[in-house]
Amino acid sequence: MSEVVSAEMPSNIALIKYMGKVKGGDRNRPTNSSLSMTLMNLLSRVEITKTEGTYDNWETLQEGRWLPTKLSDRGRKRFLAHFEFLKQKMGVEGHFLVKSANNFPSDCGIASSASSFAALTQATYELAKTQNEKLDLSLAKLADLSRVGSGSSIRSFMHPFVLWNEQGVSTVDIPFQNLVHKVIIVSREKKAIGSSDAHERVPTSLLFEGRPERAEKRLEELLSAFKMQDWGLAFQIIWSEFYDMHALFSTSRPAFHYMSDASVKVLNCVHRYWEENKDGPLVTMDAGENVHFIYRQDQKKIANEIQLELNAEFQIIGDEGRDS
Ligand code: DP6
């Protein structure tokens, strides 16, 4: 049997969002800088095996802790097109079976494209090195190749906090360590509109004018709030940032939405908690229905109180990548 090469890469959650692409030129160039936290326990795994066929193929990985993934025809074509691009860039010869899966539900706002494209890029690099021992790509180069497949995957190559701007990706020092990430799963349904389509549509919103400037301003404010260790201000900035992105979705022509009644219920619950206690988690949403909470280590009591309220109705995926 042929040797299998593999890679596992993490997802990431943006606090300042990549939404909107520069038209023309290079693929997946953002119209504004973004800042994310890498989710070291929400992983995608890619395994690549040589085949005797005349084309590459994809199937889901079915193994232990990995949740079988379903890719649409379009999704499979996109994944394999990126593999082909990487093979050419890295000088890989031959045809292969690519298997992939995540340890978390995909396509419902937990950025599975970030981790899966990052894992595909990393696994292809491992494969390329088996054919060319001298191949030596920097982390920045590898991350940038991954960006061509899916923009947000560029931020999955570093941790814990990653800035993606015109210069590329870099880590940022933020004086909060070992933050705890939870996803409140309000739905496991696949979203009707993928984030790549969302990028296409948002420029049709009249609110898109000024969006890059607002995002840059928030980024600056957020970095400064973190520096001052002002958690409450960081919460407010991150909150207004995801609402800004969701407002773009809702005012695009035609409009589309990810936020559901259940998402709003979760948001209201955590907002009320903040108002009553003047403390709580950072809260954000991606292009999906689910709601992300980020706690400091010393907020265990707060996390328990909020979760007690939400647990009855919603599943919560913990930092461990398992349901808790
Ligand atoms: C809402 O990276 O999924 O998650 O580059 O077309 O693959 P493509 O888009 P993608 O966009 C992610 C958008 C987001 C915000 C973010 O992660 O910054």
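**Exercise 1.** In this predicted model, determine how far apart the C-alpha centres of domain 1 and domain 2 lie, and describe what the two domains bury between them.

*Solution.* The C-alpha centres of domain 1 and domain 2 are 24 Å apart, where the domain assignment places domain 1 at residues 4–171 and domain 2 at residues 180–317. Counting contacts as heavy atoms within 4.5 Å, one finds 27 residues of domain 1 touching 41 residues of domain 2. The area buried between the two domains comes to about 2900 Å², with 66% of it on carbon and sulfur atoms. On the domain 1 side, Leu15, Lys17 and Met19 lose the most area to domain 2, and together they account for 24% of what that side buries.

**Exercise 2.** Work out where the ligand lies with respect to domain 1 and domain 2, and why.

*Solution.* Begin with the shell, in which 18 residues surround the ligand, the closest being Tyr18, Arg78, Ser150, Ser152 and Ser196. Because domain 1 and domain 2 both give residues to this shell, the ligand lies between them. Among the contributing elements, helix α4 (residues 195–201) gives the most, with 3 residues. By class, the shell divides into 5 nonpolar, 8 polar and 5 charged residues.

**Exercise 3.** Identify side-chain N or O atoms that approach oxygen atoms of the ligand, and state what share of the ligand's area the protein buries.

*Solution.* An oxygen atom of the ligand is 2.6 Å from a side-chain N or O atom of Arg78, while the corresponding distance is 2.7 Å for Arg155 and 2.7 Å for Ser195. Taken alone, the ligand exposes 460 Å², of which the protein buries 97%.

Terms used. Residues are numbered from 1 along each chain as its sequence is written. This is a predicted model: local features need pLDDT of at least 70, side-chain atom pairs count only at pLDDT 80 or more; totals for chains, interfaces and linings use all residues. Side-chain values use heavy atoms; hydrogens and water are left out. A residue is near a molecule or strand if one of its heavy atoms lies within 4 Å of it. A polar contact is a pair of N or O atoms within 3.5 Å; within protein, one must be able to donate a hydrogen and the other to accept it, and residues adjacent in sequence count only if both atoms are side-chain atoms. Accessible areas come from the Shrake-Rupley method with a 1.4 Å probe; for residues, only the protein chains shown count as cover. Helices (H or I, at least four residues) and strands (E, at least two) are DSSP runs, numbered from the N terminus. Ala, Val, Leu, Ile, Met, Phe, Trp, Tyr, Cys and Pro count as nonpolar, Asp, Glu, Lys and Arg as charged, and the others, Gly among them, as polar. Domain bounds come from an automatic or database domain assignment. Buried area is the accessible area (1.4 Å probe) that two parts lose on being put together, summed over both.
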